[in-house]
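Okay, thanks everyone for squeezing in. I'd like to walk you through one chain today, so have a look at the screen and then I'll start.

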Amino acid sequence: MLKMSELAERSGVSAATIKHYLREGLLGSEEDVVRTSRNMAYYPVEFVDRVRLIKRLQEERFMPLKVIRELIERDPDRAARMIELEDRILERAIEARETGRVSRAKVRETYDVPQNVLHRLEELGVLTPNGRGYDSDDVAIIEAISRFRAGGYEEAIGFTVYDTLRYREALEPLVEEEVRVLLDRLAGRVDTDRAVAIISSGAEPLRELVGAMHSKLLLGELRRQRGLD
């Protein structure tokens, strides 16, 4: 059993925050706490991991305490598995990006995209290179922009780098929902390695699905505006 000061030190969360979690019913029942006097109590060592988990769900998944409480009450281990799965996916994604980076010089040599265009895309956060260059998604975006420009999508007739923001803003809520659904369906139902493999194997088919559906919707909208539907 731990004193409040020890629980706070081990979990990295202030005593005031832990007391708030206790009042909100996030750390189990009052029966788990051993009170030896009015101002002295001891807490199970298991509270350390629970407090850390609650804080991570707040800060990394932006969950309100009410939702966290419901999640923990329904399945105490599920939230931890979701965090573990997220961590593994991030580790694999970061590793893949770092091993496949392309230098700025190579990009300038390969693609017909002016330096000022690349710079503006970086300022907008569409491209996120580091000291070792661009990752594979950055390169794919640059290649697409190069092909757009070659096909006549020029600034002179109104096409600018700011058009990329329209797609990013449309995709952000979709991706947020996609991550929520994936984690909800995979966490706890398959082991972490299998879950990571499933998500990785779906990356390419997902790109093809989104591209095909975009083409279909584009044609449908053109037909609608022509009054053909």
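Let me pin down one word before anything else: when I say buried, I mean a residue with under 20% relative accessible area, while exposed is over 50% and partly exposed sits in between. By that yardstick, 27% of the 229 residues of this chain count as buried. And please keep in mind that what you're looking at is a predicted model.

So, the overall layout. We have eleven helices and two strands here. Reading from the N terminus, the order goes α-α-β-β-α-α-α-α-α-α-α-α-α. The radius of gyration comes out at 25 Å, well over the 17 Å from the globule rule for 229 residues, so the chain is more spread out than a compact globule. If you box up the C-alpha atoms along the principal axes, you get roughly 80 × 50 × 35 Å.

A couple of other whole-chain numbers. Take the contacts between residues at least 6 apart in sequence: 65% of them join residues at least 24 apart. The accessible surface is about 15,400 Å², and carbon and sulfur atoms account for 53% of that.

Now the charged pairs. The model has eleven salt bridges, and I'll show you a few. Start with K55 and E59, where the closest N and O atoms are 3.8 Å apart. Both sit in helix α3, residues 47-60, and since they are four residues apart, about one helical turn separates them. K55 is partly exposed, at 27% relative accessible area.

Next, which residue does D137 pair with? That's R207, with the closest N and O atoms 3.6 Å apart. D137 belongs to helix α8, residues 136-150, and R207 to helix α11, residues 203-225, so this pair ties together parts that are 70 residues apart in sequence. Both ends are partly exposed: D137 has 26% relative accessibility, and R207 has 48%.

R207 also has a salt bridge with E204, at 3.2 Å from N to O. Those two are three residues apart in helix α11, which again means about one helical turn between them. E204 is partly exposed as well, at 44%. Through shared partners, D137, E204 and R207 end up in one salt-bridge network.

On to the rings. There are three aromatic pairs in the structure. One of them is Y43 with F47, a tilted pair, 6.4 Å centre to centre and 35° between the planes. Y43 counts as buried because its relative accessibility is 6%, and F47 is buried too, with a value of 6%. Elsewhere, ring pairs link F148, Y153 and F159 into a cluster.

Last stop, helix α9, which covers residues 163-186. Is T164, in this helix, buried or exposed? Buried, though not by much: the cut-off is under 20%, and T164 has 19% relative accessibility. Leaving out residues up to four places away in sequence, T164 touches L121, V126 and I145.

L174 is in helix α9 too, but at 48% relative accessibility L174 counts as partly exposed. L174 helps make a nonpolar surface patch of about 430 Å², together with Y167, L171, V175 and V179.

That's my tour, so over to you for questions.

Note on methods: Residues are numbered from 1 along each chain as its sequence is written. This is a predicted model: local features need pLDDT of at least 70, side-chain atom pairs count only at pLDDT 80 or more; totals for chains, interfaces and linings use all residues. Side-chain values use heavy atoms; hydrogens and water are left out. Patches are made of residues with over 30% relative accessible area and no salt bridge: like charges are joined within 9 Å, nonpolar side chains (Val, Leu, Ile, Met, Phe, Trp, Tyr) within 5 Å. Accessible areas come from the Shrake-Rupley method with a 1.4 Å probe; for residues, only the protein chains shown count as cover. A salt bridge is a side-chain nitrogen of Lys or Arg within 4 Å of a carboxyl oxygen of Asp or Glu. Buried means under 20% relative accessible area, exposed over 50%, partly exposed in between (1.4 Å probe, protein chains only). Rings of Phe, Tyr and Trp (its six-membered ring) pair if their centres lie within 6.5 Å; planes under 30 degrees apart count as stacked, over 60 as edge-to-face and the rest as tilted. Contact means heavy atoms within 4.5 Å. The radius of gyration is taken over C-alpha atoms; the globule rule is 2.2 Å times the number of residues to the power 0.38.
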